[in-house]
Amino acid sequence: MSCSKMFSCIRKVLPVLGIVFLFVLLCPLNAKAAQIAGFDPVYYLIHNPDVAAVYGWDAQGALSHYLTYGMAEGRRGCAAEDEIKDDALSGFTVILDAGHGGRDPGCVRNGVYEKNVNLSIVLKLKTILESCGATVLLTRSDDSFVSLEYRYTFENLNPEAVFVSVHCNALSGNTNISGMSAYCHAANNSDSALFASCVYENALYATGATGRGLKTMSDLKVVYYSYIPSVLIETGYLSSSEEFPLLTSPEYQDLIAAGIARGIINYQSISSSIPTM
Ligand SMILES: [Zn+2]
């Protein structure tokens, strides 16, 4: 190739290289700017209880955490980033415990047995978790009686797993009390409070239910005798005139299951991003 040909060739290629260079330079900045523009501090704090515990409900603190750590840790900054990946829980084991069963119906309202609502939610949750790659173990998969001793022994025989017990509440003579509550025993496992908080906050967020609180030093046996991250969630009140039709509807049970699943994924992504000492 002659010098003049080479020169004209370079002259043709240079603008193209310049555009490619600018594109490469600006793309990550644009992506970053878009993520910051779409950042939702309320969403971020609800889905990252460990951040809320340190920063409180502070939008600037949430944004600064997101920029400094959250993005690198793969935490989501807004609902638009919310879609669940197929492999979000691959290698992760979850024990699901449908409360009561068999001769123990749990609470009963209008001919509806708590044990059946619990199992229905658990089976929906199992489907979602398995679709994200989790291994799911059940303490019961049908209407059989399972003792509390069996349930917590089952937990402790699977030390790599996390545990979710699903229940409904009821209050005699009161149809006005409603809402969700959750229980864990933080003293047995350093991750239990974080795990319980992820599950509880995400279930609340998904359903819009009233939050009645997370009790972190519960003596309920399935969490008190558990040495793995574990939570018992009371998904609502069958005795509530407002919540009874919700808890017995497949659509609302879907929302509860989706919220709990999101909480488990949320916990998994947070705990895998925290370096172990
Ligand atoms: Zn119960």
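User: In this predicted model, what do the buried residues of α4 pack against?

Analyst: Start with who is buried: in α4 that's Ala62, His65, Tyr66 and Gly70. The model is a predicted one, and in it those buried residues pack against α2 (41-47) and α3 (49-55).

User: Are the buried residues of α4 on one face of the helix or spread around it?

Analyst: Residues three or four places apart on an α-helix point the same way, because there are 3.6 residues a turn. The buried ones here are Ala62, His65, Tyr66 and Gly70. Looking down the axis of α4, they fall within an arc of 100°, so they line one face.

User: Which residues on the other side of α4 are exposed?

Analyst: Exposed means 12 or fewer other C-beta atoms within 10 Å of a residue's own. On the side of α4 away from the buried residues, that label goes to Gln60 and Thr68.

User: How far does helix α4 span between its end C-alpha atoms?

Analyst: The helix covers residues 59-70, twelve in all. At 1.5 Å a residue, a straight helix like that would span 16 Å. α4 manages only 14 Å.

User: Which residues does isoleucine 260 contact, leaving aside neighbours within four places in sequence?

Analyst: Ile260 is among the residues touching the most other members of the largest nonpolar core, which has 59 residues. With those sequence neighbours set aside, its contacts are Leu125, Val164, Val199, Asn202, Ala203 and Ile233.

User: How many residues are in the other core, the one with Ala62?

Analyst: This core lies apart from the largest one, and its members include Tyr44, Leu45, Val51 and Ala62. Ala62 is also one of the buried residues of α4. The core's residue count is five.

Note on methods
Residues are numbered from 1 along each chain as its sequence is written. This is a predicted model: local features need pLDDT of at least 70, side-chain atom pairs count only at pLDDT 80 or more; totals for chains, interfaces and linings use all residues. Helices (H or I, at least four residues) and strands (E, at least two) are DSSP runs, numbered from the N terminus. The expected span of a helix is 1.5 Å times one less than its number of residues. A residue is buried if 20 or more other C-beta atoms lie within 10 Å of its own, exposed if 12 or fewer, and partly exposed in between; C-beta atoms are placed from the backbone. The arc is that of the directions from the helix axis to the C-beta atoms. Two residues are in contact if their C-beta atoms, placed from the backbone, lie within 7 Å. A nonpolar core is a set of buried Ala, Val, Leu, Ile, Met, Phe, Trp, Tyr and Cys residues joined through C-beta atoms within 7 Å.
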